[in-house]
Every structure is written in structure tokens, then in C-alpha cells.
Amino acid sequence: RLRGGAGGAPGELLFQAWAPPLGFSTFGVKQLSPGHPWDPPRWPSGDPEPQIENEHLRVLFDPVTGHLREIQNRAKGFSLPVFQSFYWYNASAGDALSPQASGAYIFRPNASAPFPVAKRAATRLLKTALVQELHQNFSAWCSQVLRLRPGQPFLELEWTVGPIPVADGLGKEVISRFETPLRTAGRFYTDSNGRQVLQRRRDHRPTWNLSQSEPVAGNYYPVNTRIFIRDQKVQLTVLTDRSQGGSSVLDGSLELMLHRRLLNDDNRGVGEPLDEPGDDGRGLVVRGRHRLLLDTVAAAADEHRPRAQEMVTSPHVVLAPGPGPHLRQVSWEGLRGCGTGEAGGGLPLTAPSPQFSGLRRPLPPGLHLLSLEPSGAGTLLLRLEHLFERGESHNGSRPLTVDLTTLFSAFTITSVREMALGGDIPLHSVSRLLWTTATGT
């Protein structure tokens, strides 16, 4: 997906692309005629129930406010009311009684209830063969695109926040909040560096009795790749494209911190407020993506484990000028007709494209190639990891077997030596330290 940005490009170039495992695909883009930017179909006024859908999900929106209203899992035949919107916490400036201000290192709102960015969103709908989108505009500094593509069992939310206005003298900490009727009993779940999933309990610490003085900030946790809530049957998971703070400060809700602009220093060493002006002096703009998964509790890990890995290790897009030899040609004219099934004036989209894969076959589902790097003359350091925790998935948590001798296409393995995780010493040379703890074990 190639998008016009601050340079004023008139639109987007959208086409389906696929890259083989441990490899790449090349595509050529050529504009055959200047043409005019395609005006996408808009949501008709008076539509009683605006929605987007694919074979996995149907997503419904409130026709009055434009907010997300409900997500239906079409494959499994259940639905969940989900309300999503943007809010901002008023950052504490500190005072004589409570001098700690919110700043670069400290999140400390001066009240537990955030303010909505807007009660309604201006919307427009886009539906083509390649994507269905609802565009929401909450304010001059907050907007979002909710997106479904064929074959993808998640709802993508691409948000743009900033520059955060502070002319009113209030520092603001902006969140995206999801609200559902799930009975979560104060429990939610976050990951640890994309691997172990940890249960969190609101206003609770597992090793000591907590006297909670910060009902919001005291319940925020690091979210590296995912955060979810669930009841006995249904699980709602939000995948992140970067590390963010997150919480469930209300039962049935999730929230993630997106952007902050503050007017006071928190006295933690920076010596200035978190108020970066940016190149134009107006403040910073942040754009990111969340992916929303709705599934049964029993099957949720089978989706959120590989999908989170996809977000963390998404393919790199490299652009270069020039025609290039033997490139697949994708034209503006050919793409503009994709929504109606017309081929347009471009070359066929089935034309072969140069590809390369370092693997002779894909790895088994649930197995991830973490690293493959030179480690001396004729030697490579290979790290493989199992994506699932033990007992997390009925099928995904099973042991996996892979034949390394026939796996790679670019070289032949002649010998294998198992190393410690750091790759510095053989595994058989590892000597663990032994000591007696206070409990005698």
C-alpha cells in the first residue's frame, strides 16, 4: 500500500502483494496516463446500518455517531458489541499537595475519567475488491481508518493523532479505548516481550498488598505486541505495531496510550516538558496500527500468536526508481478498475514476478525463524523459536520437528552444533550456578 503523505500526493496505490518465506518479491509500478484521482464510493446518506465485511468478519457502525458498534465473527456465528473511540487524560501539572507532574517518565492524569476527543466522527465508506474501509474524522488532529481485506480474520485500525492542541494550557495524553459488555472481573492480559502472556488484575499485585493511589496510572502495563480481555467464552485481542502502555481500567474495556503532549517537567532528569514542536513548530503527528481479533477463548491463541508475529516482522518495502529488468508491471489504470472487476489499461495482474526464497519449503505453523546470521567462515547462527506457550493451544502448543538438512535453498548444511541462546558457547558447555534459596530449594 503506497500512500500520498505530506508531499500532497493525490491518492493511494493499492494492489495485492506476496513475498515467499525468507525471501522477496519485486513489482514494477508505471503510470500509463495522468488521469484523475479516483473518487471512491461514499457511504450514502441515510444508510440505516453502515458496515464493512469480508468472509471472516462483519463490522457495524453507528449511523448517527460514526463509531464502531459491533463485530461479528461470521465463521463461528457469534458477535460482540464493541465501542471504540479516542479520549485524552488531562495531565497533572502538580501542585503544593501533590507536586508530581505528568512528564516524559511519569504518567499521572489529574482525574480518572478521560475526555472524549469528539462525540461524533465524520465518516465515509470505501468498498473495492481489494479492501473495505470506513474513514473516521474525529477532529482536525485525530482520525482513523478501519479496514478489512479479503482473507484476513482481523479488523485493522490505522489511527493518526496530532499535533495535539495545547493552546488551552492543558497537557493531554491520548488513548484509544475499546468498550464491551464482557464480564472480566478486573482481569486482563498483556505480553512480555512478545512471548509470555501475563494475567493482570486491576488494583492488585501478586506479591504484596497494594494500597492504590493512582487508579489509572497504577494499572497501566507495558504492551509489546498484544493486550486482551475475555470471559468464559469470548476473547477480544488488540495487537499493536509498537510498544505502548495499556490497561483495562473498567471491566470489559481495553485502552492503549497513543500520543502525549505535556507542558510540565516531571523532575526525573530531562529538565523540560514532553512538548516536541516538530519541523513545523506545531507538534508531532503519530500514525500507527492496531489489529482487532474476535474469537473464542479456546481458539484465540491460534490467531493472535502468528498475527502478532506478522506485525513485528512485517516485510520491508524498498522503493527504487527506474524500470528494472523483468519486473511485474502494475499500472494506475489497471488498479483503478479493481473495484468493478475491470482490467483497465494495465498489464495483466497475473504476470510473473521475480521472486526469491531462502527456504525450500515453509516452516511448520507455529515455528518462527528468529535469526540467521554469519558466525564465522562458513558458519551461520540459526535461532528457531516455538510461537506458542505450553498448553496455550490444543494444536499450536505441540512439539514441532524440522529437517534442517533440506530446509534452505541457498546453501547446504554439512554439520550442526547446538549452542546456548547467546550463540557464544556450545550447549553442552553451559554450567548453571547452583545455590540455596531462603526456602531451602
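**Exercise 1. A pair within one helix**

Decide whether Glu-310 is buried, exposed or partly exposed, and then describe its link with Arg-307.

*Solution.*
Step 1: Start with the accessibility of Glu-310, which is 37% in this predicted model. Buried would need a value under 20% and exposed a value over 50%, so Glu-310 counts as partly exposed.
Step 2: Do the same for Arg-307. Its relative accessibility is 17%, so Arg-307 counts as buried.
Step 3: Now place the two residues. Both belong to helix α1 (residues 300-312), where they are three residues apart, about one turn of the helix.
Step 4: Look at the side chains. Those of Arg-307 and Glu-310 form a salt bridge, with 3.4 Å from N to O. Side chains of opposite charge can pair when their charged atoms come close.

**Exercise 2. A salt bridge between two strands**

Find out which residue forms a salt bridge with Arg-147, and say where the two partners lie.

*Solution.*
Step 1: The partner is Glu-133, and the closest N and O atoms of the pair are 2.7 Å apart.
Step 2: This pair links distant parts of the chain: Arg-147 is in strand β12 (residues 142-148) and Glu-133 in strand β11, 14 residues apart.
Step 3: Check the burial of each partner. Arg-147 has 2% relative accessibility and therefore counts as buried. Glu-133 is at 0%, so Glu-133 counts as buried too.
Step 4: For a contrast, turn to Arg-282, whose side chain meets that of Asp-280 in a salt bridge (3.5 Å, N to O). At 53% relative accessibility, Arg-282 counts as exposed.
Step 5: Finish with the total: the structure holds 24 salt bridges.

**Exercise 3. A hairpin**

Work out how β10 and β11 are joined and in which sense they pair.

*Solution.*
Step 1: Find the two strands. β10 covers residues 122-127 and β11 covers residues 132-139.
Step 2: Follow the chain from β10 to β11, and you pass through a hairpin of four residues.
Step 3: Compare the directions of the strands. They pair in the antiparallel sense, over six bridges.
Step 4: Pick out one position to see this: Ala-122 stands opposite Asn-137 in β11.

**Exercise 4. Aromatic rings**

Classify the ring pair of Phe-15 and Phe-27 as stacked, edge-to-face or tilted.

*Solution.*
Step 1: Begin with the count of aromatic pairs, which comes to nine.
Step 2: For Phe-15 and Phe-27, the ring centres are 5.6 Å apart and the planes meet at 55°. Stacked pairs have planes under 30 degrees apart and edge-to-face pairs over 60, so this pair is tilted.
Step 3: Locate the rings. Phe-15 is in the loop between β2 (12-13) and β3 (23-25), while Phe-27 is in the loop between β3 and β4 (28-30), 12 residues away.
Step 4: Add the accessibility: Phe-27, at 23%, counts as partly exposed.
Step 5: Look for a cluster. Ring pairs link Tyr-89, Phe-107 and Tyr-220.
Step 6: Now look for charges over rings. The charged end of Lys-172 sits over the ring of Trp-88, 4.9 Å from its centre, and Arg-177 lies over the face of Tyr-87, at 5.5 Å from the ring centre.

**Exercise 5. The surroundings of a serine**

Describe the setting of Ser-357 and name its contacts.

*Solution.*
Step 1: Ser-357 is found in strand β24 (residues 355-357).
Step 2: With 19% relative accessibility, Ser-357 counts as buried, because the limit is under 20%.
Step 3: Leaving out residues up to four places away in sequence, Ser-357 touches Pro-20, Pro-21, Leu-22, Gly-23 and Ser-409.
Step 4: A polar atom of the Ser-357 side chain lies 3.1 Å from the backbone oxygen of Leu-359.

Conventions: Residues numbered from 1 in each chain as written. Predicted model: local features only at pLDDT ≥ 70, side-chain atom pairs only at ≥ 80, totals over all residues. Heavy atoms only, no water. Pairing = 2+ DSSP bridges. Buried < 20%, exposed > 50% of the residue type's maximum accessible area, 1.4 Å probe, protein only. Polar contact = N/O pair within 3.5 Å; in protein donor to acceptor, adjacent residues only side chain to side chain. Contact = heavy atoms within 4.5 Å. Phe/Tyr/Trp six-rings, centres within 6.5 Å; stacked < 30°, edge-to-face > 60°. Lys NZ or Arg CZ within 6 Å of the ring centre and 35° of its normal. Salt bridge = Lys/Arg side-chain N within 4 Å of Asp/Glu carboxyl O.
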